[in-house]
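Here are some worked exercises to try with the model open beside you. Attempt each task before reading its solution.

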Amino acid sequence: YVVSLETSGALDVSAVDQRVSKILDLKTPGSGECDRNLWANLQHLTQHDEIKFVLCDEADYQWAVMQLREHRLERRCPVLMSPVHGRLEPRQLAEWILRDRLPVRMQMQLHKLLWGEQPGH
């Protein structure tokens, strides 16, 4: 089996079995939860894990770029950036990523595209 665990950056992942792929959602300033990020989690990531940033605006994008560069995140594992549905235009985020030639993948919040603010089925 392939097992993945998506968690906020606020929860300690050090005890997670190494066979589990961790998706660490680092909270941005725009989320209001940035102070909860547990930066020690970065040392527990491997190449089969992922880091995700969900971005509200350009300030969040700039903050994420700073974290990417400061911590050399792309050397640890794949990095994903997603626009917050209804707040940041996907095209705008794509243009910033291309302009800055970031080593990241852009990801859309599929549950928001399918169901908007409604709970999924």
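**Exercise 1.** Is D17 buried, partly exposed or exposed?

*Solution.* Begin with the ground rules. This is a predicted model, in which local features need pLDDT of at least 70 and side-chain atom pairs count only at pLDDT 80 or more, while totals for chains, interfaces and linings use all residues. Residues are numbered from 1 along each chain as its sequence is written, and side-chain values use heavy atoms, with hydrogens and water left out.

Next, the classes: buried means under 20% relative accessible area, exposed over 50%, and partly exposed in between (1.4 Å probe, protein chains only). D17 has a relative accessibility of 35%, so D17 is partly exposed.

Now look at its partner. D17 and R19 form a salt bridge with an N to O distance of 2.8 Å; the term requires a side-chain nitrogen of Lys or Arg within 4 Å of a carboxyl oxygen of Asp or Glu. R19 is exposed, at 71%.

**Exercise 2.** Find the salt-bridge partners of E6 and R105, and place each pair in the chain.

*Solution.* The whole structure holds 8 salt bridges.

- Step 1: E6 pairs with K52, and their closest N and O atoms are 2.3 Å apart. E6 belongs to strand 1 (residues 4–8) and K52 to strand 3, with their positions 46 residues apart in sequence. Strands here are DSSP runs of E, at least two residues, and helices are runs of H or I, at least four, numbered from the N terminus.
- Step 2: compare the two ends. E6 is partly exposed at 46%, whereas K52 is buried at 12%.
- Step 3: R105 pairs with E50, the closest N and O atoms being 3.5 Å apart. Because R105 sits in strand 5 (residues 105–106) and E50 in strand 3, this bridge ties together parts 55 residues apart in sequence. R105 is partly exposed, at 45%.

**Exercise 3.** Which residues of the largest nonpolar core touch the most other members, and which elements supply two or more residues?

*Solution.* A nonpolar core is a set of buried Ala, Val, Leu, Ile, Met, Phe, Trp, Tyr and Cys residues joined through side-chain atoms within 4.5 Å.

- Step 1: the core has 26 residues, and those touching the most other members are I51, F53, L55, Y61, M81, L93 and L102.
- Step 2: two or more residues come from each of strand 3 (50–55), helix 1 (58–71), strand 4 (79–83) and helix 3 (90–100). Helix 1 gives the largest share, 5 residues.
- Step 3: take L93 as an example. Beyond its neighbours within four places in sequence, L93 contacts L55, Y61, M81, S82, P83, L88 and M106, a contact being heavy atoms within 4.5 Å.

As background, nonpolar side chains tend to be buried together in soluble globular proteins.

**Exercise 4.** Where does Q67 lie, and what does Q67 contact outside its neighbours within four places in sequence?

*Solution.* Q67 is part of helix 1 and is buried, with a relative accessible area of 5%. Its contacts, with those neighbours set aside, are W39, F53, R72 and L73.

**Exercise 5.** What is the sign of phi at R72 and at R101?

*Solution.* Most residues other than glycine have a negative phi.

- R72 has a positive phi, near 50 degrees. R72 lies in the loop between helix 1 and helix 2 (73–76) and is partly exposed at 48%.
- R101 also has a positive phi, near 50 degrees. R101 lies in the loop between helix 3 and strand 5 and is exposed at 75%.
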